[in-house]
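Hi everyone, thanks for coming. I'd like to walk you through one structure today, so please have a look at the screen.

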Amino acid sequence: KQGMEVRSAAQGRAGAGRVALLVVLLCLCCRAAAERVRYSMAEELGRGSLVGPLARDLGLSADELPARKLRIVAGDEKQYFTLEEDNANLRVNDRIDRESICGAVSPCVLSLEAVVENPFDIFHVSVTIQDINDNAPQFDREFVTIEVIESTPPGTRFPLGSGRDPDIGVNSLQNYELTANPLFSLLVRESPDGTKYAELVLEKFLDREKQRNHHLILTAVDGGDPVRSGTAQIKINVTDANDNPPVFTKEIYKVRLMENLPEGSLAFQVKATDNDEGTNAEITYSFSDIAKSVRQLFTLDPRTGDVKVTGLLDYEERKYYEASVEGKDGGGLTAHAKVHIDIIDVNDNAPTLSLLPILNPIPEDSVPSTVVAVINVRDRDSGENGEVSCKMDGNLPFRLETSSENTYKLIIASALDRESVSAYNITITATDHGSPALSSSTELVLEVSDVNDNAPVFSEAAYSAYVSENNAAGALVVRVQARDADAGANGRVSYWLAGGSAGAAGAAALVSVEARSGALYAQRSFDYEQCREFTVEVRAQDGGSPARSSTATVRVFVLDRNDNAPRVLWPAAAPGEAPGAAPAPFEVVPRSAEAGYLVAKVVAVDADAGRNAWLSYELVQASEPALFRVGLHSGEVRTSRGVSERDAAKQRVVAVVKDHGQPALSATATLHVVLAESLQEALPELSERPLGGEAPAAELQFYLVLALALLSALLVLSVALLVLARLRRAGPPGVL
C-alpha cells in the first residue's frame, strides 16, 4: 500500500510538472491581437502565480509604465487577478476553481479589461482556465439496494445510476468497473448529452432458495493522470416472482420550467401502469438517481407521482437538471424513466455596474473628449434579458461612449468652469432589455480642480478717499478690496502700488499699501495748500502661476484745515512790525470829506480754502471811534460822519482781519490818517510825527510806491504809443 502511495505521489508530481509546463507554454504562445490579449492557465495555481507578461504583450516598455498607469478592471465580484507592484505582469490574486466558476461549460474563460492612460486606451484580456484532475468521481449513493425477482429472465437490465465528476474532458468520468460475478455483468451506456451511466445486466436466472443476497462493488474511474476513482456498494435482494413490472408512460420526460416558479408549485407528473392486480399493481414512485443539489429543489409524491418545486430555481446558477424516477409495484418489480428539466431564463437580475475613475479631480481646463472614468456593466441574465444599455441622468457636461460590449467611457462633452460648478454628482443608470426591464444606478462624484483662469476684480473700478491735511504719518487713507473667484493660491490676492499721478516713485512717497489687507496708509502729513488731490493706481495680483492681476484708481482728496492766518497785503508789513500787523502809513483825508468818504482799503488774503478763507474786517481801535468805520467784507475804511474842525489832525486806525475757521485766526492792520485839504497842508503835521523808526520808514515807503506807480504809468503809455505808431505805418487805415 505504501508503494502504491509513493507511485501515486510521483505520478502526481509528474502530472503537476506537465501542467505547469503546459501553462508556461500557453502563456508564451498566447499573444494578443491589436485590442485583445489571451492567456491560458491551469486552475488551482497558487496566489501570486504568473499568468502572463501583460505590459509586454500590450507593447508597453518598462520606462513608459509609470506614465501610462496600467490598471485592470474585472466585472466579477471576485478579483481573481492582480498586477505586480511595477504593473508589468498579470498574476493570480485569489483561488481559481474552474468547477465552481464555470461548471460543465467549456472552455472556461474569465474576461477583464486593461486600461492605460496618456493616451487613453482599453485592451480586452481573456484568460482561459484549463482543467486539472482535482476531483474524483463520486456516486450520489454509496449503498445501492436492488430488489430482483427470482423469475427475472436473463438479459434484464437494472440502472445503477451514474457517477459524477466535476472535471471535464479526459479528467471527467470515463468508465465503470464491476467486481467479477458469474450472475451479473456491467453495461456502460452514454446518454445523448454525453453522460455515461452503468446498468447491471442479469446473466443467469437467480435462485432465491440458494442465495438470497448478492454483493457487488461498482467503481467509476476518470481519465486523468493519475487516475481517480470512486466506488458504490451494490446489494441485490432476490424476491419472489411478480410477473408484470410497472411501465412508465414515457421513457424520457422532458420538462421546461420558468426559473421564477414559486416554491410549492407543481412542476410535472410522472405516471406508470402495472397490469397486475392488488398489491402487485400498487406503484410507489421515488427518485432512483438524482444529485443532492437536485433533491433539494424537487420532491416526488410517492403515491401520485407529482413533482413539486421545493427550492429556488436560478437559471444563472444552473440551466439543466437530470434525474431518474423509479416506479415499484407491490411485488417489488420496478420501472425507470429519465427526467430532463430545462430551466427557462426570466429577467430576474438587474444589471450591475463597476466604476473605475481615471481622472478625479478634473482640472477645469481639461479639453472635451478627455476620459474621466470607465464603467463596466454586467447582467447575469441571457438573451435580451442580459443586453444592457447605459445612460447618464441630467444635463451635465459629460457623455457616455461605448467602448466595448460591456464597457463604457465617461468623457468630457463641454468646457468645465470650477467657479460655476465645483463638483458633479453623476448618476449612471444601466437598464436591460427584458420585459419588464430592470435597472440599477450608481453615483459618481467628480470634483473639478481649480486653474488660475480668473483675475482679481475690485469691488469698485475707482475709489475716492478724503483725508484732512496735517494728518499723522501712517494714518489710514482708504481700504481697497478685490476678490478672485479662483481657489487656494489662485484666489489669494496681494496688493501693490502700480503708479499714479506722480508716478510709481511719487505714489510710494505719498501712500503705502498693505499687501494682504489692501489698506492704504499715508506716508507723510499732507498740506492742502501744496497738494489738494492726487491719484494712485493699486494692482491686485493673485498667487497663481502665471499670476493674473487688475488695477484700480484711488483718487485722494486732501481736505483743508484752518491752519493759515490771514495775511495783510496792504498796508504792507514793515520791518520790525509784529507778525500779522500792518505798518503805519498815512492817508490824507480833506476836512471837507463827508460821511462815507473812502479813506483806504485793507487788502488781505488767506491761503486756506472754503470757510477757512472767508475774511471779515472789524475796527478795533481808532483815535476817534465815531469818525471811521470798516466794511465787514470789503475791508474799506470810510468816514462814518463828516470831518469837523474839532477833530485832531492826526488819526490812528487799527483794523482786525478774521477768517471763519474753527478756531478763527486773525491779523491786524494799522493806518494813520492826516486830516488836511492838501498834501502841502499835511506836511507840517507829518514833520511833527515822532522820529522813531516807524514814521521815516513809512514815509519813505509811501514816496517809493508813488514814484514806482508814476514810472509804471509812463512806461505803459510809451509802449502803447510805440505800438500805435508802427501799426499806422504798416497797416491800412481800415485796420486802424
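Let's start with the largest cavity, which holds about 90 Å³ of space. Keep in mind as we go that this is a predicted model. In total, the structure has four cavities of 30 Å³ or more.

So which residues line the largest cavity? Going along the chain, you meet Phe139, Asp140, Arg141 and Val144, then Leu160, Gly161 and Ser162, and finally Ser288, Asp289, Ile290 and Arg295. If you sort that lining by class, you get four nonpolar, three polar and four charged residues. Two strands are worth picking out here: β9, residues 157-161, and β19, residues 284-289, each supply at least two residues of the lining.

Where does this cavity sit relative to the domains? Domain 2 (138-239) and domain 3 (247-344) both contribute residues to the lining, so the largest cavity lies between them.

Now let's follow β9 away from the cavity and into its sheet. This is an open sheet of three strands, in the order β9-β12-β11, and the pairing is antiparallel. β9 and β11 are at the edges with a single partner strand each, so one side of each has no neighbour in the sheet. On average, neighbouring strands here are turned by 30° against each other, ignoring direction. As a quick reminder, strands of a sheet pair through backbone hydrogen bonds, either parallel or antiparallel.

Let's take the two pairings one at a time. β9 and β12 pair in the antiparallel sense over four bridges. Between β11, residues 184-190, and β12, residues 196-202, there are seven bridges, and these strands also run antiparallel.

If you'd like a residue to click on, try Leu200 in β12. Phe158 stands opposite Leu200, and Leu186 stands opposite Leu200 as well.

β11 and β12 form a hairpin, with five residues between the strands. Which residue of the hairpin takes a positive phi? That is Gly194, with a phi near 95°.

Last stop, much further along the numbering. An unreviewed UniProt entry lists residues 702-724 as "transmembrane region". What does the model show over that stretch? The chain there is 100% helix and 0% strand, and the C-alpha atoms at the two ends are 33 Å apart.

That's my tour, from the cavity between domain 2 and domain 3, through the β9-β12-β11 sheet, to the helical stretch at 702-724. Happy to rotate the view for anyone who wants another look!

Key
Residues numbered from 1 in each chain as written. Predicted model: local features only at pLDDT ≥ 70, side-chain atom pairs only at ≥ 80, totals over all residues. Heavy atoms only, no water. UniProt positions renumbered as here; feature names shortened; annotations may be inferred. 1 Å grid on protein atoms, 1.4 Å probe; cavity = no way out; pocket = protein on both sides within 12 Å on 5 of 7 lines; lining within 4 Å. Points joined across faces, edges and corners; volume = space filled by probe spheres on them. Nonpolar A, V, L, I, M, F, W, Y, C, P; charged D, E, K, R; others polar. Domains from an automatic or database assignment. Pairing = 2+ DSSP bridges. Axes fitted to C-alpha atoms, helices over the stretch in contact; angles between N-to-C directions.
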